[in-house]
Amino acid sequence: MTHADYMKKALQLAARGRTSPNPMVGAIIVKDGEIVGQGYHRRAGEPHAEVLALRQAGERARGGILYVTLEPCCHYGRTPPCTKALIKAGISEVYAAMADPDPHVAGKGFSELVEAGIRVHYPLLEEEARQLNEAYIKHRTTGLPLVTLKSALSLDGRIATHTGESKWLTSERSRGFAHRVRSRVDAIVVGARTVRADNPRLTARVGRKVFYPRRVVVTKSGNLPRDLAVFTEPGECIVACPQEFTQEAREFWATAGARVLALPSVGGRVSMAALMRELAAMGCLSVLIEGGGETAAAALEERIVDKVLFFYAPKIIGGRGAVPAVGGVGAARIDCAPSLQDLRIRRIDNDILVEGRVVYPESD
């Protein structure tokens, strides 16, 4: 096997973890051409990938080569530094996919290993490693979460009929895919209109497992029934409202079990940028915006959306009163409209999933 082959295996291991707010990391130790230890970081607070690989390798780690998907940490957090464990174990060489953008590490881990006489090589398959930890990287470099806008829509761009009906627009397999996406994010954001119309649970059901990301309801008025599913499911529910909300209204939602975020407003609605900053401060690396059309428009207008996932159903709803996937005022000119790059298009049953990275025009 080549160095790249070992790193690919380490990346595959890393992808198994559910580690937020930590990065996903995989590690493999090779001695005399044989894998003697491997591991991946399972979740925050548990041992890091390097430590698990060292435990499995035991004495065979001495003189071995470590392949790791991210620069080993060199600071004390919930767990001790991995660099010290590698030095103590006698690792002779390290191949890393990329440096850690966290200011606590950012090259310091590599320097510590080199000073101890360990040969360090990086980057190796950096692009793949960056894709794996794109949410972590954005959070550590900008202080903001990676934001994905997801929508299920008809071929003519509607998410509901003029009567408000939207279930079920896409196929069961598409909905299953969407639940897997939900299961990997830290928070799901919806508008109050969507919550009132659809009463979604905003949980993620994957097989027999149920995941509970933070549920965020963005509201102008706070006029929401307290018995909605988002308020009764396990896990944290957040009501994001304008700062103009009365203290009485804030106390009302607090007593209902919701966390209230009173945020600056833009045009009478909650600032989506301010909301993202608050969620990032809570440790949310990734946020999924699910709707509706006005919430999607607000997010795009404030340029906080990084990626889109649009599930197109082979239906044509039509109607001037039908609900568009993206509302708001919209772009005045074509060259003012956001565009997508790095497109991926796949078929799920009869639906078409379009994925892409959002690129905003330089000026409106």
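Five aromatic pairs turn up in this predicted model. Tyr6 and Tyr67 make one of them, a tilted pair with 4.9 Å between the ring centres and 35° between the planes. Beyond the rings, a buried histidine and a covered strand with two cysteines are worth a look, and the notes below take each in turn.

**Aromatic pairs**

- The Tyr6–Tyr67 pair links distant parts of the chain, with Tyr6 in helix H1 (residues 3-14) and Tyr67 in strand E3 (residues 65-68), 61 residues apart.
- Both partners are out of the solvent's way by the numbers: Tyr6 counts as buried at 5% relative accessibility, and Tyr67 counts as buried at 2%.
- Phe110 and Tyr122 form a stacked pair, 4.1 Å centre to centre with 20° between the planes.
- This stacked pair ties together parts that are 12 residues apart in sequence, because Phe110 lies in helix H4 (residues 108-115) while Tyr122 lies in the loop between strand E5 (119-121) and helix H5 (126-132).
- Is each ring of that pair buried or partly exposed? Phe110 is buried at 4% relative accessibility, whereas Tyr122 is partly exposed at 45%.
- Tyr6 and Tyr67 also belong to a cluster with Tyr95, linked through ring pairs.

**A charge over a ring**

- Arg42 lies over the face of Tyr40, at 4.5 Å from the ring centre.

**His41 and its surroundings**

- You will find His41 in the loop between strand E2 (34-40) and helix H2 (49-57).
- With a relative accessibility of 3%, His41 counts as buried, because that value is under the 20% cut-off.
- Which polar atoms does the side chain of His41 meet? The side chain of Asn22 makes a polar contact with the side chain of His41 at 3.2 Å, and the backbone oxygen of Pro47 lies 3.2 Å from a polar atom of the His41 side chain.
- Leaving aside neighbours within four places in sequence, the contacts of His41 include Gly17, Thr19, Pro23 and Val25. Glu46, His48 and Ala49 are also among them.
- For a sense of distance, the C-alpha atoms of His41 and Phe177 are 24 Å apart in space, and the two residues are 136 residues apart in sequence.

**Strand E12 and its partners**

- Strand E12 (residues 237-242) is mostly covered, with six of its six residues buried.
- On one side of the pairing list, strand E11 (residues 214-218) runs parallel to E12 and is joined to E12 by four bridges. Here Arg215 stands opposite Cys237 of E12.
- Strand E13 (residues 259-263) also pairs with E12 in the parallel sense, over five bridges. In this pairing Cys241 stands opposite Ala262 of E13.

**Cysteines without a disulfide**

- How many disulfides does a search of the whole structure find? The search finds zero.
- Why is Cys237 not bonded to Cys241? The sulfur of Cys241 is the closest cysteine sulfur to that of Cys237, yet the two are 12 Å apart, too far for a bond.
- The view from the other end agrees: Cys241 is in no disulfide, and the nearest cysteine sulfur, that of Cys237, is 12 Å away.
- Both cysteines are buried, Cys237 with a relative accessible area of 4% and Cys241 with 0%.

Key. Residues are numbered from 1 along each chain as its sequence is written. This is a predicted model: local features need pLDDT of at least 70, side-chain atom pairs count only at pLDDT 80 or more; totals for chains, interfaces and linings use all residues. Side-chain values use heavy atoms; hydrogens and water are left out. Helices (H or I, at least four residues) and strands (E, at least two) are DSSP runs, numbered from the N terminus. Buried means under 20% relative accessible area, exposed over 50%, partly exposed in between (1.4 Å probe, protein chains only). Contact means heavy atoms within 4.5 Å. A polar contact is a pair of N or O atoms within 3.5 Å; within protein, one must be able to donate a hydrogen and the other to accept it, and residues adjacent in sequence count only if both atoms are side-chain atoms. A disulfide is a pair of cysteine sulfur atoms within 2.5 Å. Rings of Phe, Tyr and Trp (its six-membered ring) pair if their centres lie within 6.5 Å; planes under 30 degrees apart count as stacked, over 60 as edge-to-face and the rest as tilted. A charge sits over a ring if NZ of Lys or CZ of Arg is within 6 Å of the ring centre and within 35 degrees of the ring normal. Two strands pair if DSSP finds at least two bridges between them.
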